[in-house]
Amino acid sequence: MKTKFLTGIAMLGALALVAAGCGSDSDSGSGSGGGSGDTIKVGFAQTGSESGWRSANTENMKQAFSKENGFDLVFNAADNDPAAQIAAVRSFINQRVDAIVIAPIVEDGWDDVLQEAADADIPVVLEDRTVTSSDDLYASWVGDDFKKEGETAGQWAADNFGDTPTKMVVLEGTTGSAPANDRAEGFDSAIGGTQIEKIDSQTGDFTRDGGKKVMEGFLQKYGVDGIDLVFAHNDDMALGAIEAIEAAGGKPGEDIKIVSIDAVHDGMQALVDGKINFIVECNPLLGDYAADLVKKVLDGTDVDKQNYAEDGSFTQDQAKEVIDSRPY
Ligand code: GYE
């Protein structure tokens, strides 16, 4: 089963209703492992702190899993090291937390540790990114539809540049991560059959610095005149690319067009300033939904396996209208 939920202000309203329903459930629920009444000890294995999206997500998760909301949060950020993240999950199992939440850095390699959590009777909720393991090994996932985000970005590129020969470079997210894999797949399917040619593609690891370095390499190889379009898998890498293009004497958004994904504040500001041309939203405010899932799973309430946030997209004009009212 799949659930879709709203983003932004509409989402906060919807989540408030869900949370109110959950409160009255737990009065009568018996629960196990601290599912009702007691403080719920949750281990959260975050990816790291690579981007503006990640900062907004971490802050939102910490608010949702607060003491006031009935949680005792053990937080770990793995600095984008998959082995360190798995070690953090093992340490949560050893601490016998009530539930584990993971934002998996990469999709592969989760079978063993998820099985260990299952053997220890500790439910796992995935937040943000997905895994390739069988969905029997975790209780639920909440996040954004990365493939659709890639398709929306690719459709914009196809609509605007599909009929003229266009040389494109790609700044990929972390290799092996669900958003890098799915955004690439969605984008490539949307530009299929157009005149957009992918001349190069490399990972910038979802960081501003990584995006800047990779773009510097592309500019050395092809020159400002040899690149028409950049597809950045996130805003931070687009912001790094902007610095590289400006340092090479080019005008980002004009000489070289840029499309990216996230719609975090700095990305939206660059869109308003005309340095990025189009941004697809990826909502990082998943905390209340994740916290509600944890409570429901511990109470034995049925939950959907996949819960998708609804994302929008912004042109430069649309960004001007909404930038001041966005929460991240
Ligand atoms: O787009 C990027 C972050 O997993 C959706 O991770 C997330 C991605 C997001 O570093 O900025």
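This report looks at how the protein in this predicted model surrounds its ligand.

## Ground rules

Local features need pLDDT of at least 70 and side-chain atom pairs 80 or more, while totals for chains, interfaces and linings use all residues. Numbering runs from 1 along each chain as its sequence is written, and side-chain values use heavy atoms, leaving out hydrogens and water.

## Who's around the ligand

The ligand has 13 residues around it, each with a heavy atom within 4 Å. Glu 50, Asp 128, Arg 129, Asn 234 and Asp 262 come closest. Sorted by class, the shell holds six charged residues (Asp, Glu, Lys or Arg), five nonpolar ones (Ala, Val, Leu, Ile, Met, Phe, Trp, Tyr, Cys or Pro) and two polar ones (the others, Gly among them).

Both domain 1 (2–144 + 283–311) and domain 2 (146–281) chip in at least three shell residues each; the bounds come from an automatic or database domain assignment.

## Polar contacts and cover

Three side chains make polar contacts, meaning N or O pairs within 3.5 Å, with ligand oxygen atoms. For Arg 129 the distance is 2.8 Å, for Asn 234 it's 2.8 Å, and for Arg 183 it's 2.9 Å. On its own the ligand has 300 Å² of accessible area (Shrake-Rupley, 1.4 Å probe), and the protein covers 100% of that.

Note on methods
A polar contact is a pair of N or O atoms within 3.5 Å; within protein, one must be able to donate a hydrogen and the other to accept it, and residues adjacent in sequence count only if both atoms are side-chain atoms.
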